[in-house]
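Hi,

Here is the structure I said I would pass on. Have a look at it first, and then read on for what I found.

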Amino acid sequence: GALAPRLGLLRHAAGAPPTPTPACLLYSRKGAPVCHTPDLLPPAGEAPLQLNAGDFLEKPSTSVVAKVAARGAREWAAIDADRLITLAPRDAAAPAPPAGANDKHLIYSTINGHHRVNTDAYLNIAKAVQPDVLVAMADEQPPTASEGRARAAVFRTLKQLDSLLGAGVADAARAVFGNVQGAAHEVERKRSAEETAKRPVDGFFIGGFGLGEPPAERHALLHAALEPLPAEKPRYLAGVGSPLEILEAVALGVDMFDSAYPHEMACQGYALDLPTSLPEKNDAAAGVNGGEDGKEAAEAAAAGELPGKLNLRSRAYSRDARPLVSGCTCACCSAHTRAYMHHILQCHELAGEVLLNVHNAANFAAFLGAVREAIAAGRFEEFAEYTRRRLHGDDLCAERVQLPS
């Protein structure tokens, strides 16, 4: 059918509650959620976890994880049993794909040299990690790749998928997602999607985005990659993660995202303040709330703030006794003020980055909850425009969320 926003439920383990979609996966590094202890993670149903296979090549190695954690990543990082875990071949924050690939190997570059990972080695990583979803390897190409190079990468990626399926994954993961590639060429995106859909996969990973493609071309490339896919299987988009990028992909029926955006904002000292509920009817066109929220927006603008996030390094917050975001129930907002957060960030105290990561992950999960609420209420288009106006106001240069025609 036509591409459109949609709701879904991912059932990943016997007895575990399903994960509602659209959903954004928590960012991880070296086999664990960044700057989080298990008790500070958002609820399992609101925030699945993405792990990067390349993180298990050296430290921690698969042999170490397998030896000390019989239940895989859940035991290794004390991840709750109900949280969906995916294992993918790339880092959500990486500005470039893995170093290379050939017909048999995916090549990772680390500070200790190159690692050639074939199907058996990739499955060994999966067997140690024990994810719910295993994403197939791919020859991922940047948008600058020629059409011929992109076509070769598509066929190489299909060969790697066939090798993985032929080896059997029943003891490594509960589900396998095929990897759709094609660089910045619509014909190759469509070819990759059509051929991958012929394989017995449980879902689809849309790779090759977030590597420098022009935003104006992303909508058409995504459409070409998504249109051939069967509607009953989940679609997982990698490499895009800002709020408006996510809304554009949701409009095309994407179900899952990996995103380092909340973590990257925390590293820069920003606390996210994204919409976490549907706007009142009279606020939707204005793009901002009235009352106290409007007062805060005016104060933030006077302090040189960007809508949708607070720069807590700014001296404007040095005496601010309010929580980071009014109404937020995360561990940071429940216990600390903007003034305190400004203080520990200025002191370069590690706790500042940890607490900001906790808040940003919670705010981003709540934002995706509002997206699901908007779809259920038949108000997604309204919510998308409200979010754009709240983040960019009346800036005519700001891209609008593209909706399927």
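Before the strands come up, one convention: two strands are called paired if DSSP finds at least two bridges between them. On that footing, strand E6 (residues 49–52) pairs with E7 in the parallel sense, over 4 bridges. Keep in mind throughout that this is a predicted model.

Let me stay with E7 for a moment, since there is a bit to say about it. The strand covers residues 85–88, with Ile85 and Leu87 pointing one way and Thr86 and Ala88 the other. Are these side chains buried or exposed? All four are buried, whichever way they point. On the E6 side, Leu49 sits opposite Ile85. E7 also runs parallel to strand E11 (residues 133–135), and 2 bridges join them. There, Thr86 of E7 has Val133 in E11 as its bridge partner.

Now the overall picture. The protein chain has 13 helices and 17 strands. For a compact globule of 405 residues you would expect a radius of gyration near 22 Å, and the chain comes out at 21 Å, so the two agree. Along the principal axes, the C-alpha atoms fill a box of roughly 60 × 50 × 40 Å. Of the 405 residues, 54% count as buried. If you take the contacts with a separation of 6 or more, 70% of them are between residues 24 or more positions apart.

As for the surface, the chain exposes about 16,700 Å², and carbon and sulfur atoms supply 52% of that. On charges, there are 40 positive and 48 negative side chains, with the centres of the two sets 4 Å apart.

There is also an open sheet of 3 strands, in the order E8-E9-E10, with antiparallel pairing. E8 (100–101) and E10 (113–117) are the edge strands; each has a single partner strand, so one side of each has no neighbour in the sheet. E9 (residues 106–110) pairs with E10 over 5 bridges, in the antiparallel sense. The two form a hairpin with 2 residues between them. If you want to check the register, Ser109 stands opposite His114 in E10, and Leu106 has Val117 in E10 as its bridge partner.

Two single residues to finish with. Thr19 lies in strand E2 (residues 19–21). Its relative accessibility is 1%, and because buried means under 20%, Thr19 counts as buried. What does Thr19 touch, leaving aside residues up to four places away in sequence? The list is Gly8, Leu9, Leu10, His12, Gly45, Pro48 and Leu84.

Cys267 belongs to helix H8 (residues 261–267). With a relative accessibility of 36%, Cys267 counts as partly exposed, since that class lies between the 20% and 50% cut-offs. Not counting residues up to four places away in sequence, Cys267 touches Arg313 and Glu353. Gly239 is 28 residues from Cys267 along the chain, and their C-alpha atoms are separated by 18 Å.

That is what I have so far. Over to you!

Cheers

Methods:
Residues numbered from 1 in each chain as written. Predicted model: local features only at pLDDT ≥ 70, side-chain atom pairs only at ≥ 80, totals over all residues. Heavy atoms only, no water. Rg over C-alpha atoms; globule rule 2.2 N^0.38 Å. Buried < 20%, exposed > 50% of the residue type's maximum accessible area, 1.4 Å probe, protein only. Contact = heavy atoms within 4.5 Å. Areas by Shrake-Rupley, 256 points an atom, 1.4 Å probe, with all protein chains shown as cover. Lys, Arg positive; Asp, Glu negative; His and termini not counted. Charge placed at Lys NZ, Arg CZ, Asp CG, Glu CD.
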